[in-house]
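Please open the structure in a viewer and keep the selection panel at hand. The tour below proceeds by stops, each with something to select.

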Amino acid sequence: MTIYSRRAAALSASLIREVAETGMKMYDIIPLWFGEGQWPTAMPAIKAARAALDHDHFYQPNSGKPALREALCDYMNRLYNCHVTPPSITVTGSGMQGLMLTAQALCDPADKVIVIGPVWPNLAESFRIVGADISFVHLSAHQGRWQLDMDRLLGLLGDDVKAVLVNSPNNPTGWVMTQSEQDILLSHCRRNGIWIVSDDVYSRLYRHGRAAPHLFSLASPEDRIISVNSFSKAWSMTGWRLGWVAAPPELEATLAQLTEFNISCTAGFIQEAGLAMLTDGEPEIQQLTQKLADSFALTQSRLSALPDISFIQPDGAFYSFFSIRGMTDSTRFCKSLLHTAGVGLAPGRAFGPEAEGFVRLCYAQPAERLKTAFDRFADGYRAAL
């Protein structure tokens, strides 16, 4: 007789974490395995949090501070030309918690959920934890770019499906769903009563404009769309653990109740930090995107020059997801690379079995560090095969 649930027992450990835990015990490793930029949080957030700590020591509303919810509405409405109102906003203790709240709000055991992959494993696993039946539609690489087979996706989205999960810009590939693809998907899901859960954490890290195409630009208030977002990436606030969910207002009370049963509320001083970044942090995003553009140019140049590497163009996020000829076990390769090159990457297998043969590199790094990593990688990657 087990002492824990079957669902908990069935969860798979993160292969990214497995490689990282090995590398963290070693000397002089350049870690490019996690989805985390190496630039500190900007001062507006830090100053706001410090000031709030003088007085903001108490419980907050389950759905978040009214001022932050209002600011998030203003931010989304300006960015996506939509009409979000405060009842649609739930402040969360990270984007990850937003995904869990969404899964708990939508899914009963055995509900069918379709996921566009390869994808960050936590996205699918948050729905698997609540008992959903998960199936994948996988992106494929053609002529150096990632593409989605829309006909295959729509063929799986029958009226027996509860939700489809979309991560765009995508982690790990950098693929971005076009506005026309979003329009097709939204029309289909309207007809079949299917929820669209959009993981928009990398929305601002789009290589071709201020923000990636967003479903809210096409949606009506009654559409079954839930957007999950986070302050972690665009505002360099990974350790703060602050995010939000934008959903139809009819879910406001449900999400508030689920928040009560999960964490009660997000800390007030952290919410003040997020509010400060919404107010004063736009220049920080612009500076970050310029740094990422420089890092991407270096990454593209160095990887494209290496034999046996298939570089595939990303349109967003801050990763390169590339294949290496002759690599059949990406986890073993990444562990071996720690010894042969002193560089830590994420194995493709962590993002699903269809992603075996690939590795993910996070290029959100200062230039000198990234140059050193590529020098080491070029010298040691063949020995790691």
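**Stop 1: Ser94**

Begin by selecting Ser94, which is buried, with a relative accessible area of 4%. The model on display is predicted. Ser94 sits in the loop that runs between strand S2 (89-92) and helix H5 (95-106). Its backbone deserves inspection: Ser94 is not a glycine, yet its phi is positive, at about 115°. In general, most residues other than glycine have a negative phi.

**Stop 2: Ser236 and Phe231**

Select Ser236 next, in the loop between strand S9 (225-230) and strand S10 (243-246). Ser236 also has a positive phi, here about 55°, although it is not a glycine. Is Ser236 buried or exposed? With a relative accessible area of 18%, Ser236 is buried, because the limit for that class is under 20%.

Remain in the loop between S9 and S10 and select Phe231. Phe231 is buried, and its relative accessible area is 0%. Which residues are in contact with Phe231, leaving aside its neighbours within four places in sequence? They are Leu68, Leu72, Ser236, Met237, Leu242, Gly243, Trp244, Gly274 and Leu278. Ser236, selected a moment ago, is thus one of the contacts of Phe231. For a distance across the model, add Tyr363 to the selection: it lies 132 residues from Phe231 along the chain, and the two C-alpha atoms are separated by 19 Å.

**Stop 3: two cis peptide bonds**

Move to Gly117 and Pro118, whose connecting peptide bond is cis, with omega near 0°. Pro118 belongs to the loop between strand S3 (112-117) and helix H6 (121-129). Then select Ser168 and Pro169; the peptide bond from Ser168 to Pro169 is cis, with omega near -5°. Pro169 is placed in the loop between strand S7 (161-167) and helix H8 (179-192). In general, most peptide bonds are trans.

**Stop 4: the cysteines**

How many disulfides does the structure hold? The count is zero. Select Cys73 and Cys82 to examine one case. The sulfur of Cys82 is the closest cysteine sulfur to that of Cys73, but the separation of 8.7 Å is too far for a bond, since a disulfide requires sulfur atoms within 2.5 Å. Cys73 is buried, with a relative accessible area of 2%. Now select Cys189, which is in no disulfide either; its nearest cysteine sulfur, in Cys107, is 13 Å away. Cys189 is buried as well, with a relative accessible area of 3%.

**Stop 5: the whole protein**

Finally, select everything and colour by secondary structure. The protein contains 13 helices and 15 strands. Its radius of gyration is 21 Å, close to the 21 Å that the globule rule gives for 385 residues, so the protein is as compact as a globular protein of that length. Taken along the principal axes, the C-alpha atoms fill a box of roughly 55 × 50 × 50 Å.

Of the 385 residues, 55% are buried. Among contacts in the protein with a separation of 6 or more, 74% are between residues 24 or more positions apart.

A surface display covers the exposed area of about 16400 Å², of which carbon and sulfur atoms supply 51%. Colouring by charge picks out 33 positive and 38 negative charges, whose mean positions are 5 Å apart.

Conventions. Residues are numbered from 1 along each chain as its sequence is written. This is a predicted model: local features need pLDDT of at least 70, side-chain atom pairs count only at pLDDT 80 or more; totals for chains, interfaces and linings use all residues. Side-chain values use heavy atoms; hydrogens and water are left out. Buried means under 20% relative accessible area, exposed over 50%, partly exposed in between (1.4 Å probe, protein chains only). Helices (H or I, at least four residues) and strands (E, at least two) are DSSP runs, numbered from the N terminus. The radius of gyration is taken over C-alpha atoms; the globule rule is 2.2 Å times the number of residues to the power 0.38. Contact means heavy atoms within 4.5 Å. Accessible areas come from the Shrake-Rupley method with a 1.4 Å probe; for residues, only the protein chains shown count as cover. Lys and Arg count as positive and Asp and Glu as negative; His and the chain ends are not counted. The place of a charge is taken as NZ of Lys, CZ of Arg, CG of Asp or CD of Glu.
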